[in-house]
Amino acid sequence: MLEDTLVIWGGEFGRSVTRDRNGNDNPGRDHNNKAGCVWLAGGGVKGGTVYGMTDQFGEAVVKDKVHVHDLHATILRLLGFDHTKLTYRYNGRDFRLTDNFGEVVTGVLA
């Protein structure tokens with residue numbers, strides 16, 4: 001069943017590596033827009049693969065950075081869509097789900 005099902009686990013942001021107040025009364029970890037992680041399984045994903053790397057603190061990407069548009073293009077490919085063909089014209093501008101950007105991350109495809 002996992003061959004036909006794509007499982008995606010992730011969030012909108014990574015988390016900061018430090019615990020601080022960040023101007024708040026309650027200390028905690030803040031959003032980190034420099035590094036995060038998404039977990040993919042099944043549905044055409046190459047199992048056992050780690051793609052990308054952060055620095056030793058997990059604070060910033062240092063290898064194989066994936067933009068959110070690349071992630072979306074890759075998910076669409078795994079679902080059987082070509083993200084470049086999902087284009088529509090509105091108000092004189094071409095739009096698509098990957099906002100006219102995005103490259104499929106072939107390194108995670110089986």
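## Exposed and buried

A residue counts as exposed when its relative accessible area is over 50%, and as buried when that area is under 20%. Anything in between is partly exposed. Arg89 has a relative accessibility of 55%, so Arg89 counts as exposed. Keep these cut-offs in mind for the rest of this predicted model.

## Salt bridges

How many salt bridges does a search of the whole structure find? The search finds 2. Side chains of opposite charge can pair when their charged atoms come close.

One bridge links the side chains of Arg89 and Asp94, at 3.3 Å from N to O. Arg89 is exposed. Its partner Asp94 is partly exposed, with a relative accessible area of 32%. Another bridge links the side chains of Arg93 and Asp99, also at 3.3 Å from N to O. Arg93 is partly exposed at 35%. Asp99 is partly exposed too, at 27%.

## A buried charge without a bridge

Asp70 sits in helix H1, which covers residues 68-78. Is Asp70 buried or exposed? Asp70 is buried, yet it has no salt bridge. Which side chain of opposite charge is nearest to Asp70? That side chain belongs to Arg96, and it is 8.8 Å away. A salt bridge needs a nitrogen and an oxygen within 4 Å, so Arg96 at 8.8 Å does not form one with Asp70.

Asp70 does have neighbours from elsewhere in the sequence. Leaving out residues up to four places away, Asp70 touches Gly102, Glu103 and Val105.

## The largest pocket

The largest pocket holds about 1,100 Å³ of space. Its lining is made of 40 residues. Closest to the centre are Gly36, Cys37, Val38, Val66 and Leu71. Several elements give two or more residues to this lining: strands S1 (6-10), S4 (38-42), S5 (53-54) and S6 (61-63), along with H1. Strand S4 gives the largest share, 5 residues.

What kinds of residue line the largest pocket? The lining divides into 19 nonpolar, 15 polar and 6 charged residues.

## Ser16 in its loop

Where does Ser16 lie? Ser16 is in the loop between strand S2 (14-15) and strand S3 (31-32). Its relative accessible area is 13%, which is under 20%, so Ser16 is buried.

Ser16 touches Arg29, Asp30, His31 and Asn32, not counting residues up to four places away in sequence. Lys34 is 18 residues from Ser16 along the chain. The C-alpha atoms of Ser16 and Lys34 are separated by 9.0 Å.

Terms used: Residues numbered from 1 in each chain as written. Predicted model: local features only at pLDDT ≥ 70, side-chain atom pairs only at ≥ 80, totals over all residues. Heavy atoms only, no water. Buried < 20%, exposed > 50% of the residue type's maximum accessible area, 1.4 Å probe, protein only. Helix = DSSP H or I, 4+ residues; strand = E, 2+ residues; numbered from the N terminus. Lys, Arg positive; Asp, Glu negative; His and termini not counted. Contact = heavy atoms within 4.5 Å. 1 Å grid on protein atoms, 1.4 Å probe; cavity = no way out; pocket = protein on both sides within 12 Å on 5 of 7 lines; lining within 4 Å. Points joined across faces, edges and corners; volume = space filled by probe spheres on them. Nonpolar A, V, L, I, M, F, W, Y, C, P; charged D, E, K, R; others polar.
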